[in-house]
Amino acid sequence: MSALRQPPLPVIGLDVGGANTKAAVVDGDAPPRIVSEPFQVWRQPEALADAIASVVGRLGLDHAPVAMTTTAELVDVFASKREGVLHVLEATRQALPGRRLRVMTTTGELIGLAQARAAPLRCAAANWMATALLVARSLPTAILLDCGGTTTDVIPIVDGEVAARGRTDVERLLEGELVYTGALRTNIAAVLSHVPIGGQPCPVSSELFSITADAHLLRGSLTPEQCTCTFPDDRGASLAEVRSRLARVVCADPEQLADGDLEAVAAAVEEAQITSIAAALARVADRLPDGTEVIAVGLGAFLARAAAERCRLPMALDAGSSSPLSSLNGQGGEVAAAAALSVLGRE
């Protein structure tokens, strides 16, 4: 009699970003187990291995294989993206010795570490592909709208295939499939050039005084616990600190502004982000059948949903527990690429 076949080990999905490192485990019908820690690669690239070991270690699966992706290669501490990918791969190898490691490519393959080292640019910024592959299993024709802390992905899916025209970051920017705006880290000065002060448009300072997390905290769209980012002044996420940073966008302190001014600034930031995401979404939607559903994930899913509503596109319903998409419900959607890699990596 043959031995009973053991169920496969859970796979850890790992997403190494320039400012946050995320990991997830999807195992059966249980809610995804997720970990996300801020780590600014450009400040301490030599400590990346420790950051990866910390995030993965918190999941408590000492021998589980890992399927990974990286966007950290873009940080300017590296002379090139090639150098950045190789640095991330080596840091991951050092952090997770003895584990099976595979890396997602922009063409949707999970390849071994040796192959990834031989072709590092194939592995640069492939996080969107992992999430799109998982979505395509349940929604044969759809648009994935993944609004994270830094960027927003707008990925068309047609007949069960990822139909993105771009593969590299620059190609995706040109095609409207990548919008460099996110719910946490985007400099407010990069979102709009003027904000309403006293009912009048006031030019903003171009300094990095405040980020989009401040606007969404003030509006109640995000909680302090969701803001796994470092603020420009290295202070916290209390409302007093948030208001101080927002006031500095117009070179002021809160006491120098009228009641309601900062709330108007925060609303203008949200509106500008929705407008830019909606413009990209409308452009991609023009290539797909009318009424194509949108699936919104990521920390900034509230922005994505508002953009879809503005484009009059229907939202996909939350997936049931038996659907491959169930791993993207709730907190799993906030670390969508890591959750998707955990599912894809088991195959």
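These legends walk through four close-up views of one predicted model. Local features need pLDDT of at least 70 and side-chain atom pairs count only at pLDDT 80 or more, while totals for chains, interfaces and linings use all residues. Residues are numbered from 1 along each chain as its sequence is written, and side-chain values use heavy atoms, leaving out hydrogens and water.

**View 1. The open sheet has six strands.** Their order is 3-2-1-4-5-6, with mixed pairing; two strands pair if DSSP finds at least two bridges between them. At the edges are strand 3 (33-38) and strand 6 (110-112), each pairing on one side only. From one strand to the next, the twist averages 25 degrees. Strand 2 (residues 20-25) joins strand 3 in the antiparallel sense over six bridges, and here alanine 23 stands opposite valine 35. Helices (H or I, at least four residues) and strands (E, at least two) are DSSP runs, numbered from the N terminus.

**View 2. Helix 2 lies across strands of the sheet.** Look for strand 1 (12-16), strand 4 and strand 5 (101-104) along its path; helix 2 runs at about 150 degrees to strand 4. Helix 11 (residues 336-344) also packs on the sheet, touching strands 1, 2, 4, 5 and 6. Its direction makes about 145 degrees with that of strand 1. Axes are lines fitted to C-alpha atoms, for helices over the stretch in contact, and angles run from 0 to 180 degrees between N-to-C directions.

**View 3. Leucine 74 sits in the loop between strand 4 (66-70) and helix 2 (81-95).** Its relative accessibility is 42%, so leucine 74 counts as partly exposed (buried means under 20% relative accessible area, exposed over 50%, partly exposed in between, with a 1.4 Å probe and protein chains only). Leaving aside residues up to four places away in sequence, leucine 74 touches Lys81, Asp169 and Tyr180; contact means heavy atoms within 4.5 Å. The C-alpha atoms of leucine 74 and valine 85 are 8.7 Å apart.

**View 4. Helix 8 (residues 239-248) packs against helix 9 (residues 261-285).** The angle is about 75 degrees, with the axes 10 Å apart. The two helices are therefore roughly perpendicular (65 to 115 degrees). Helix 8 brings Arg243, Leu246 and Ala247 to the contact, and helix 9 brings Leu262, Glu263 and Val265. Buried residues of helix 8 are Val242, Arg245, Leu246 and Ala247, and their cover includes helix 6 (188-191), helix 7 (212-219) and helix 9.

Note on methods. Parallel < 35°, antiparallel > 145°, perpendicular 65-115°, else oblique.
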